[in-house]
Amino acid sequence: QVQLVESGGGLVQAGGSLRLSCTASGLTFSSVAMGWFCQAPGKEREFVASIGWRHSTFYKDSVKGRFTISRDNAKNTVYLQMNSLMPEDTAVYYCATHPNSRYWDRTYDTPSAYNYWGQGTQVTVSS
C-alpha cells in the first residue's frame, strides 16, 4: 500500500521561507519521479515542480528561482524549499508519484499522469 505523507506547511509572512517534505512508503521510491502540485480555493490543481529519478527537475515559471525541489532516496523523501514566498503562493500543496519513466519528461506537469497523492499540507502567506 503506497502512502505519501506531507509536512512542513504553515503560516508565513511574505518574503519568508518554508520547506515542505513528503515521505513515501510502499513503493520503490528511487525508481519513480515525484511532483509537487498546489490548489488554491476555487482553482484547479496546478503543477509546481517535479524531479526525476536521476534528479533532473522542472518548475512552474512563477516559482523558478524561488523554489527548489530535491529528493533523498535513502529517506524516501522529496522536498520543496520555498523561498521569497508571496501571498499568491497560498494554497494546499500536494506531493505525488509519477510512475511512467518513459513519458515523465512530457507529462511532468499533468496531474492525471500521477498515480498516488498525499493528503496535502496548507501553506498560507500573509501580506
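**Strands, cysteines and cores**

Trainee: In the hairpin of β4 and β5, what is the phi of Gly42?
Mentor: β4 and β5 form this hairpin with 6 residues between them. The model is predicted: local features need pLDDT of at least 70, side-chain atom pairs count only at pLDDT 80 or more, and totals for chains, interfaces and linings use all residues. Residues are numbered from 1 along each chain as its sequence is written, and side-chain values use heavy atoms, with hydrogens and water left out. Gly42 sits in the turn, and its phi is positive, at about 80°.

Trainee: Which residue of β5 stands opposite Phe37?
Mentor: Strands are DSSP runs of E, at least two residues, numbered from the N terminus, and two of them pair if DSSP finds at least two bridges between them. β4 and β5 (residues 46-51) pair in the antiparallel sense over 5 bridges. In this pairing, the residue opposite Phe37 is Phe47.

Trainee: And in β9, which residue stands opposite Cys38?
Mentor: β4 also pairs with β9 in the antiparallel sense, over 7 bridges. Across from Cys38 in β9 is Tyr93.

Trainee: Is Cys38 buried or exposed?
Mentor: Start with the strand: 6 of the 7 residues of β4 are buried (under 20% relative accessible area, 1.4 Å probe, protein chains only; exposed is over 50%). β4 is therefore largely enclosed by the rest of the structure. Cys38 has a relative accessible area of 5%, so this residue is buried.

Trainee: Why does Cys38 have no bond to the closest cysteine sulfur?
Mentor: A disulfide needs two cysteine sulfur atoms within 2.5 Å. The closest cysteine sulfur to that of Cys38 is in Cys95. It is too far for a bond because the distance is 13 Å.

Trainee: Which cysteine does a disulfide join to Cys95, then?
Mentor: The structure holds 1 disulfide, with an S to S distance of 2.0 Å. It links distant parts of the chain, 73 residues apart: strand β9 on one side and strand β3 (residues 18-25) on the other. Both of its cysteines are buried. The partner of Cys95 is Cys22.

Trainee: What is the handedness of the disulfide, judged by the torsion about the S-S bond of Cys22 and Cys95?
Mentor: The torsion about that bond is about 55°. The disulfide of Cys22 and Cys95 is therefore right-handed.

Trainee: Which residue in β11 is the bridge partner of Gln13?
Mentor: Strand β2 (residues 10-13) pairs with β11 in the parallel sense over 4 bridges. On its β11 side, β9 pairs in the antiparallel sense over 3 bridges, where Val92 stands opposite Gln122. The partner of Gln13 in β11 is Ser126.

Trainee: Which residues make up the covered face of β11 (residues 121-126)?
Mentor: In a regular strand the side chains alternate between the two faces of the sheet. In β11, Gln122, Thr124 and Ser126 form the uncovered face. The covered face holds Thr121, Val123 and Val125.

Trainee: Which strand gives the most residues to the largest nonpolar core?
Mentor: A nonpolar core is a set of buried Ala, Val, Leu, Ile, Met, Phe, Trp, Tyr and Cys residues joined through side-chain atoms within 4.5 Å. The largest one has 28 residues, and those with the most contacts inside it are Trp36, Val48, Leu80 and Tyr93. Elements giving it two or more residues include β4, β5, β9 and β11. With 4 residues, the strand that gives the most is β3.

Trainee: How many residues are in the other core, the one with Trp104 and Tyr114?
Mentor: That core lies apart from the largest one, and Phe37 and Phe47 are also among its members. Its residue count is 7.
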